[in-house]
Amino acid sequence: MHPLTTFAAIALFVCTIASRSAAQILFDPGFEQPITSDGAPFVGSWEGFSGGAGASAGNSILMPRSGAQHLNLSITSSNNNFAGVFQDVPVSAGLQYVFGGYHMTPSSPFDVGSEIRIEWRDASTEISRTPNFAPSLTGAYAPFSLTATAPVGAQFARVVYAIQSFGPEPTNTGTVYLDDLSFVPEPTSLTLLAGSALLLARRRRVLRP
């Protein structure tokens, strides 16, 4: 293959990866649209969930970090309860992704647990998941992030942020505000993938009789 042809092919590959990374941005990262709780599909919307009375997940205008709204997760005096939100995002197996955003709590004390995870899925079932990451929260918006690699067979990442009252907290009461979330390929992962493609193209050119 002519070197220019090889370069053009690699450039096209990099452009494809770049456009794919742009497409990985979460839908409605600032919760400006109403979240749903009506079941699948889970691509292109946030799905809220809760364990019933005493727990809730919904949009709020109380204290957005940006825009007009944010997400409000709340548990009030309720043992063994939970509330959260998730969204499915298409992924490419082998790439590393970063799930991040900003969170805070107006509760003092914050007497429930918070957890962040990524569930890797194929077209219909869960393949694996990251261990729950339990971040610390303060009374001001602060960033959080969770980085993980999509395993073989993964077609979607289900990004989940939840709070729960399964622990020994005395009041089992707490609220979390979420805003400006994101889910994107880790830049180094994209660079390595593009570099591997370039190396493979060069090797094929050298081996070509």
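## Strand E3

Strand E3 (residues 70-75) has 6 of its 6 residues buried, so the rest of the structure largely encloses it. Buried means under 20% relative accessible area, with exposed over 50% and partly exposed in between (1.4 Å probe, protein chains only). Strands are DSSP runs of type E with at least two residues, numbered from the N terminus.

## Model and conventions

This is a predicted model: local features need pLDDT of at least 70, side-chain atom pairs count only at pLDDT 80 or more, and totals for chains, interfaces and linings use all residues. Residues are numbered from 1 along each chain as its sequence is written, and side-chain values use heavy atoms, leaving out hydrogens and water.

## Partners of E3

Strand E2 (residues 55-60) pairs with E3 in the antiparallel sense, over 6 bridges. Pairing requires that DSSP finds at least two bridges between the strands. Ala-57 has Leu-73 of E3 as its bridge partner.

E3 also runs antiparallel to strand E10 (residues 174-185), and 5 bridges join them. Here Ser-74 is bridged to Thr-175 in E10.

## The five-strand sheet

An open sheet of 5 strands follows the order E1-E4-E9-E6-E7, with antiparallel pairing. Strands E1 (47-50) and E7 (126-129) stand at the edges; each has a single partner strand, so one side of each lacks a neighbour in the sheet. From one strand to the next, the twist averages 25°. Axes are lines fitted to C-alpha atoms (for helices, over the stretch in contact), and angles run from 0 to 180 degrees between N-to-C directions.

At the E7 edge, strand E6 (residues 113-121) is joined to E7 by 3 bridges, running antiparallel. Arg-121 stands opposite Glu-126 in E7.

Note on methods:
Helix = DSSP H or I, 4+ residues; strand = E, 2+ residues; numbered from the N terminus.
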